[in-house]
Amino acid sequence: MLGIGAAVLFFIAFLINAAEMSTNDVFTSTNVMLLGLMVLALHVAGIGSGWSARRR
């Protein structure tokens with residue numbers, strides 16, 4: 001799930017950068033990309049791997 005979240009954040013950062021949208025300082029494409037990198041790092045580290053809805 002965190003990998004999908006990272007992909008969505010990267011796509012949003014790409015759209016902000018490609019469309020040259022004027023956003024406030026919090027939602028710049030660089031900040032959104034850094035959030036995506038953070039989520040991707042958590043995914044690679046294995047954080048959130050136990051968030052499965054199905055339990056055995």
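The following questions and answers cover the helices of this predicted model and one of its residues.

Local features need pLDDT of at least 70, side-chain atom pairs count only at pLDDT 80 or more, and totals for chains, interfaces and linings use all residues. Residues are numbered from 1 along each chain as its sequence is written, and side-chain values use heavy atoms, with hydrogens and water left out.

User: How many helices and strands does the protein chain have?
Analyst: Helices (H or I, at least four residues) and strands (E, at least two) are DSSP runs, numbered from the N terminus. On that basis, the protein chain comes to 2 helices and 0 strands.

User: What span does helix 1 reach from its first C-alpha to its last?
Analyst: Helix 1 covers residues 2–18, which is 17 residues. The expected span is 1.5 Å times one less than the number of residues. For helix 1 that expectation is 24 Å, and the helix comes close to it, reaching 24 Å.

User: Which residues of helix 1 are buried, and which are exposed on the other side?
Analyst: Buried means under 20% relative accessible area, exposed over 50%, partly exposed in between (1.4 Å probe, protein chains only). The buried residues are Leu2, Ala6, Ala13 and Ile16. Seen down the axis, they fall within an arc of 85° (taken from the directions from the helix axis to the C-beta atoms), so they line one face of helix 1. On the other side, the exposed residues are Ile4, Phe14 and Ala18.

User: What do the buried residues of helix 1 pack against?
Analyst: Contact means heavy atoms within 4.5 Å. Residues of helix 1 that meet helix 2 include Leu9, Phe10 and Ile12, and their partners include Val32, Leu35 and Leu40. The buried residues pack against helix 2 (29–45).

User: Are helix 1 and helix 2 roughly parallel or antiparallel?
Analyst: Axes are lines fitted to C-alpha atoms, for helices over the stretch in contact, and angles run from 0 to 180 degrees between N-to-C directions. The two axes come within 8 Å and cross at roughly 165°. Angles under 35 degrees count as roughly parallel, over 145 as roughly antiparallel, 65 to 115 as roughly perpendicular and the rest as oblique. That makes helix 1, relative to helix 2, roughly antiparallel.

User: What is the relative accessible area of Asn31?
Analyst: Asn31 lies in helix 2. Its C-alpha atom is separated by 8.2 Å from that of Ala13, 18 residues apart along the chain. Asn31 is partly exposed, with a relative accessible area of 31%.
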